[in-house]
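Hi everyone, thanks for coming. I'd like to walk you through one model today, going from strands to metal site to helix, so please have a look at it with me.

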Amino acid sequence: MTRMRVTVIGCAGSFPGPDSPASCYLLEAEGFRLVIDMGNGALGVLQRYAGLFEVDAICISHLHADHCIDLPAYWIARQFAPEGPQPVIPVYGPRGTAGLARPDLGPGSDGIAGGPDGQLRFDVRELGPGSFGIGPFLITTERMNHPVETFGFRVEYDGWRLAYSADTGESGALVRLAGGADLLLCEASFVDGQDARPDLHLTARQAAAHAERAGVGQLVLTHLVPWNDREQILAEAATTFRGPLSLATSGLLLGPGA
Ligand SMILES: [Zn+2]
């Protein structure tokens, strides 16, 4: 038995920043590697923390580019590996993920893309709300409050519980999903004074309020839009969440004992 280890690969919101790719998280236990989201630039930085072909499964929260656009890039890497096409791995995502996962290489590209087998580099499985296992992890999903179908995740292993908001506006489902979690990775895309459209994203203050209602042990704010001031994000969240609070950075290691 090992402990779950969570590495923030990318935590920039909406587009990559100078110090972080867009959304991507690496979860490890018992040698199994689960990647949640693969936003812009994630595949590059991911290779600092896992071998290129050491990913065992992928979950995609939704099909906005800053959460999924490196998935077809990863298909390319697995398909055209010098050692030959790499084994099929499961990819969980909302409706439409299969269409995104295989890059469009143009007419007549089936030959160079490995023929019909090339379509099978990923075993794409459509997500719905509920609980299921991926490797050693127990996963629970809920629909979040975002303009496209979006899933938040709760991941449990050996009694330790992580919740991830993905992208969401204010959401009772997020409070349920994160209830009593040891750690909530929650998006905080807006700060006070910005035109925060409802049903799209959370402000830092709203993220903190969700964490407080869910009674989580620790809050790490993520999906941080590069033009926002990090000190302001932290200060606004600190008015509402009373537990341990910090901002995600690329390379941050989280988990029991981290
Ligand atoms: Zn989004």
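Let's begin at the hairpin of S9 and S10, where 2 residues sit between the strands and Asp158 takes a positive phi near 50 degrees. Before I go on, please keep in mind that this is a predicted model.

The two strands of that hairpin, S9 and S10 (residues 160-164), pair in the antiparallel sense over 5 bridges. If you want a pair to find on screen, Glu156 stands opposite Arg161 in S10. On its other pairing, S9 is joined to S8 by 6 bridges, and these strands also run antiparallel. There you can look for Arg143, which stands opposite Phe151 in S9.

So how enclosed is S9? Of its 7 residues, 6 are buried, so the strand is largely enclosed by the rest of the structure.

One residue of S9 that I'd like to show you is Arg154. Buried or exposed, what would you say for this arginine? With 11% relative accessibility, Arg154 counts as buried. Its side chain finds backbone oxygens to work with: the one of Leu177 is reached at 2.8 Å, and the one of Gly179 lies 3.0 Å from a polar atom of the Arg154 side chain. If we set aside residues up to four places away in sequence, Arg154 touches, among others, Leu138, Ile139 and Thr140, as well as Arg161, Leu162 and Ala163. Ala178 and Ala181 are also among the residues touched by Arg154.

Now to the metal. Which residues coordinate the zinc ion? They are His62 through NE2, His64 through ND1, His146 through NE2 and Asp167 through OD, at 2.2 to 2.3 Å. Along the chain, these donors follow the spacing H-x1-H-x81-H-x20-D. His62 comes from the loop between strand S4 (57-59) and helix H2 (65-68), while His146 comes from the loop between strand S8 (137-143) and strand S9 (151-157), so this pair ties together parts that are 84 residues apart in sequence.

What about the geometry? The angles among the 4 donor atoms run from 89 to 168 degrees, and the site is irregular. For tetrahedral, all angles would have to lie between 85 and 135 degrees, and 168 degrees is among the angles here. As for exposure, His62 is buried at 0% relative accessibility, and His146 is buried too, with a relative accessible area of 9%.

There is another histidine to look at here, His67, placed in helix H2. His67 counts as buried, at 0% relative accessibility. Its side chain makes a polar contact of 3.5 Å with the side chain of Ser61. Not counting residues up to four places away in sequence, His67 touches two of the zinc ligands, His62 and Asp167. Its other contacts include Ser23, Asp37, Met38, Tyr164 and His223.

On to a proline. Pro94 sits in the loop between strand S5 (89-93) and helix H4 (97-101), and with 3% relative accessibility Pro94 counts as buried. Pro94 and Ile60 are 34 residues apart along the chain, and their C-alpha atoms are separated by 7.3 Å. Beyond its neighbours within four places in sequence, Pro94 is in contact with Ile60, Ser61, His62 and Leu63, and also with Glu126, Leu127, Glu149 and Phe151. You'll recognise His62 there as a zinc ligand, and Phe151 as the residue across from Arg143.

Next, the open sheet. Its 7 strands come in the order S6-S5-S4-S3-S2-S1-S14, with mixed pairing. Strand S6 (122-126) and strand S14 (253-254) stand at the edges, each with a single partner strand, so one side of each is left without a neighbour in the sheet. At the S14 end, 2 bridges join that strand to strand S1 (residues 5-10), running antiparallel. Thr7 has Leu253 as its bridge partner there.

Last stop, helix H6 (residues 204-214). Its buried residues are Ala204, Ala207, Ala208, His210, Ala211 and Ala214. They cover an arc of only 160 degrees around the axis, which puts them on the same side of H6. And what covers them? The list includes helix H5 (172-177), strand S11 (183-187), strand S12 (219-222) and helix H7 (230-238). Just after H6, Gly215 takes a positive phi of about 65 degrees.

That's the tour, thanks for listening!

Note on methods. Residues numbered from 1 in each chain as written. Predicted model: local features only at pLDDT ≥ 70, side-chain atom pairs only at ≥ 80, totals over all residues. Heavy atoms only, no water. Donors = N, O, S within 2.8 Å, 3.2 Å for Na, K, Ca; no water. Tetrahedral: all angles 85-135°; square planar, octahedral: opposite > 155°, others 65-115°. Helix = DSSP H or I, 4+ residues; strand = E, 2+ residues; numbered from the N terminus. Buried < 20%, exposed > 50% of the residue type's maximum accessible area, 1.4 Å probe, protein only. Arc of directions from axis to C-beta. Contact = heavy atoms within 4.5 Å. Polar contact = N/O pair within 3.5 Å; in protein donor to acceptor, adjacent residues only side chain to side chain. Pairing = 2+ DSSP bridges.
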